[in-house]
Amino acid sequence: MNTIKKYAGLIWMLLGPLAIYYLVKTAAGEIEKKPFLDTWIQWGVFTIVALPIAAGMVIFGYYAWQGEYDHLPEESEEGLIH
Amino acid sequence: MNQEKGIWKVIGASSLGTLIEWYDFYIFGSLATVLASQFFPKGNPTAALLSTLATFAAGFLVRPFGALVFGRLGDIIGRKHTFLLTLVIMGGATFAIGLVPSFESIGFAAPIIVLLLRLLQGLALGGEYGGAATYVAEHAPVHKRGFYTSWIQTTATLGLFVSLGVILLTRHALDVNQAKSIAKFNEWGWRIPFLVSIVLVGVSVYIRLKMKESPLFQEIKDSGNLSVNPLKESFGHKTNLKMVLLALFGATMGQGVVWYTGQFYAQSFIENVCKIEFDQSRTIIIWAILLATPFFVIFGSWSDRIGRKWIMLGGMLLAIVTYKPLFQGLLTLSDLSNQVQLTGLKQIKKTTSVIPGTTDTLRILTHQYYFAEGAIQTVTVKDTAYAAAGRVTIKPDVKSFTQLGSSAYWKMVGLVFIMILYVTMVYGPIAAFLVELFPTKIRYTSMSLPYHIGNGVFGGLTPFIATLLTTIYTGDKLAGLQYPIIIASICLVIGALYIQQGVHDSSKEKINNA
């Protein structure tokens with residue numbers, strides 16, 4: 001199971017940049033179709049929000065690849081994690 | 001017995017405030033069309049820009065920002081005072097929206113004020129949920145956390161229920177004549193749901209003021225173990241950051257899209273794609289919510305016995321597999337082409353009126369078609385007859401909506417009920433799940449951010465991306481479902497692989513806040 005978790009990490013690392021590529025591509029297409037300031041704002045907000053999330057996905061993948069999720073804590077400080 | 005009574009007071013005080021916050025946040029969205037006509041007039045590019053900002057910035061940028069601001073505050077000064085503050089900000093902003101004069105009265109000041117107030121609403125919402133969930137969880141016995149926090153989980157859906165109910169009631173209560181009542185509502189009555197909020201918030205603040213600080217927080221405060229920099233400890237240290245990322249990509253991301261698809265996209269689909277009339281498209285959601293809400297508590301409680309993981313992931317799996325047939329079912333129920341039309345009952349009404357300030361005439365032609373199964377279809381064609389010779393209306397404005405017969409109506413309630421049942425599976429246990437992932441001293445900060453990115457960003461994007469997909473794949477009315485299905489699938493795989501399954505075992509229980 002840990003091997004699957006580790007190699008799946010590579011997929012998650014790729015998923016981040018891939019999502020940004022599709023987002024920017026779609027944003028460019030939509031802005032070209034409706035070249036107004038509010039279209040820019042809308043897609044600008046999406047991109048600003050998506051960048052740290054995509055970065056988070058890459059970090060998540062990297063941690064998985066490093067085996068950080070092989071053994072998670074079974075209990076928080078007050079009891080069992082369900 | 002006293003402890004049992006105490007926890008119900010905690011749940012009551014927390015849930016009421018959180019419900020009101022959700023209500024406040026949703027009435028803005030539910031009244032978007034009316035608010036647009038009051039504050040963001042069509043054809044004005046600056047107003048359109050402000051409207052776009054109000055729609056997107058409040059949900060996507062400010063909510064996660066509010067999670068960071070108030071999460072940090074809640075881990076430093078305490079849960080009680082922080083979620084009191086978010087409630088006051090939310091209530092004040094909502095009440096103030098109800099008082100803002102229209103664009104016609106004060107020009108651009110109106111949409112700018114509304115935009116600022118909407119941003120305040122987003123900020124407050126970002127801080128509220130984490131505080132309420134943490135507060136209840138830290139009062140609850142460890143082996144019943146799922147059950148007790150599930151009451152907090154009902155509030156988001158009930159907030160939507162109350163907002164839809166108050167809007168429908170107000171819309172029909174302003175005049176005996178329904179058409180006049182709706183006209184009055186669109187003119188000034190829309191302010192009532194916003195103004196009512198201050199009374200609800202007042203009651204909730206009064207109740208919350210009487211509550212004590214969370215015992216677990218108080219304990220670490222007394223022992224001098226509070227976090228000095230919760231943001232750094234939550235997101236700057238690998239040990240905690242990896243749990244934040246797991247919470248986001250393995251749970252809240254999928255929960256967010258299932259939540260928004262079952263409640264918001266379903267409503268939008270029924271109204272705009274199935275073309276069901278305004279009141280029915282809302283009462284269908286209201287009934288489904290009412291019937292499904294107890295399941296938040298059922299699944300929350302069940303998660304205490306069998307674990308949270310597979311209930312949440314089970315909800316996602318069911319959504320992935322059945323969304324397409326369920327939405328196809330909504331389309332089939334609204335399709336009148338297979339129904340028998342009662343041609344003898346067909347009604348045609350034509351009205352004409354001179355457009356003020358011109359010599360042109362507005363013509364409205366209304367056809368009503370009746371069907372054996374009880375459905376009534378109304379088609380309205382509006383066009384202008386120009387006085388000037390040779391000038392004709394290029395494209396008449398055609399609107400069609402259907403009032404379903406009783407059988408189709410209740411079948412639609414049943415289909416939406418199933419979708420909201422999935423919501424209760426993914427959402428019922430998630431507060432307890434998030435609370436248990438993080439240590440007390442940085443819990444408010446650590447759980448708020450993944451929740452608001454998952455619910456607010458991934459979930460909040462559902463209606464926009466789904467609509468965008470339907471404009472790209474015009475031949476497929478179900479194309480919009482690709483987004484929630486793909487996001488929920490990724491989340492399901494991540495959750496299944498990486499989240500640890502645990503079942504409560506009282507022999508292992510320990511309460512140690514040192």
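**Exercise 1.** In what order do the elements of chain A run from the N terminus on?

Solution. The model is a predicted one. The secondary structure of chain A comprises 2 helices and 2 strands. Starting at the N terminus, their order is α-α-β-β. As for packing, 24% of the 82 residues of chain A count as buried. Among contacts in chain A with a separation of 6 or more, 71% join residues 24 or more positions apart.

**Exercise 2.** Compare the expected span of helix α9 of chain B with the distance between its end C-alpha atoms, then state which of its residues are buried and which are exposed on the other side.

Solution. Step one: helix α9 of chain B covers residues 191–209, which is 19 residues. At 1.5 Å a residue, α9(B) should span 27 Å, and the end C-alpha atoms are 28 Å apart, so the two values agree.
Step two: Pro193(B), Phe194(B), Ser197(B), Leu200(B), Val201(B), Ser204(B) and Arg208(B) are the buried residues of α9(B). Because these cover an arc of only 115 degrees around the axis, they lie on the same side of α9(B).
Step three: Val199(B), Tyr206(B) and Leu209(B) are exposed on the other side of α9(B).

**Exercise 3.** Describe the contact between the two assigned domains of chain B.

Solution. Step one: the domain assignment gives domain 1 of chain B as 2–336 + 406–502 and domain 2 as 343–403. Their C-alpha centres are 39 Å apart.
Step two: domain 1 of chain B brings 9 residues to the contact, and domain 2 of chain B brings 9 residues.
Step three: on the domain 1 side, helix α16 (residues 406–427) of chain B gives the most, with 3 residues. By class, that side of domain 1 of chain B has 3 nonpolar, 4 polar and 2 charged residues.

Conventions. Residues are numbered from 1 along each chain as its sequence is written. Chains are lettered from A and ligands numbered from 1 in the order in which they are written. This is a predicted model: local features need pLDDT of at least 70, side-chain atom pairs count only at pLDDT 80 or more; totals for chains, interfaces and linings use all residues. Helices (H or I, at least four residues) and strands (E, at least two) are DSSP runs, numbered from the N terminus. The expected span of a helix is 1.5 Å times one less than its number of residues. A residue is buried if 20 or more other C-beta atoms lie within 10 Å of its own, exposed if 12 or fewer, and partly exposed in between; C-beta atoms are placed from the backbone. The arc is that of the directions from the helix axis to the C-beta atoms. Domain bounds come from an automatic or database domain assignment. Two residues are in contact if their C-beta atoms, placed from the backbone, lie within 7 Å. Ala, Val, Leu, Ile, Met, Phe, Trp, Tyr, Cys and Pro count as nonpolar, Asp, Glu, Lys and Arg as charged, and the others, Gly among them, as polar.
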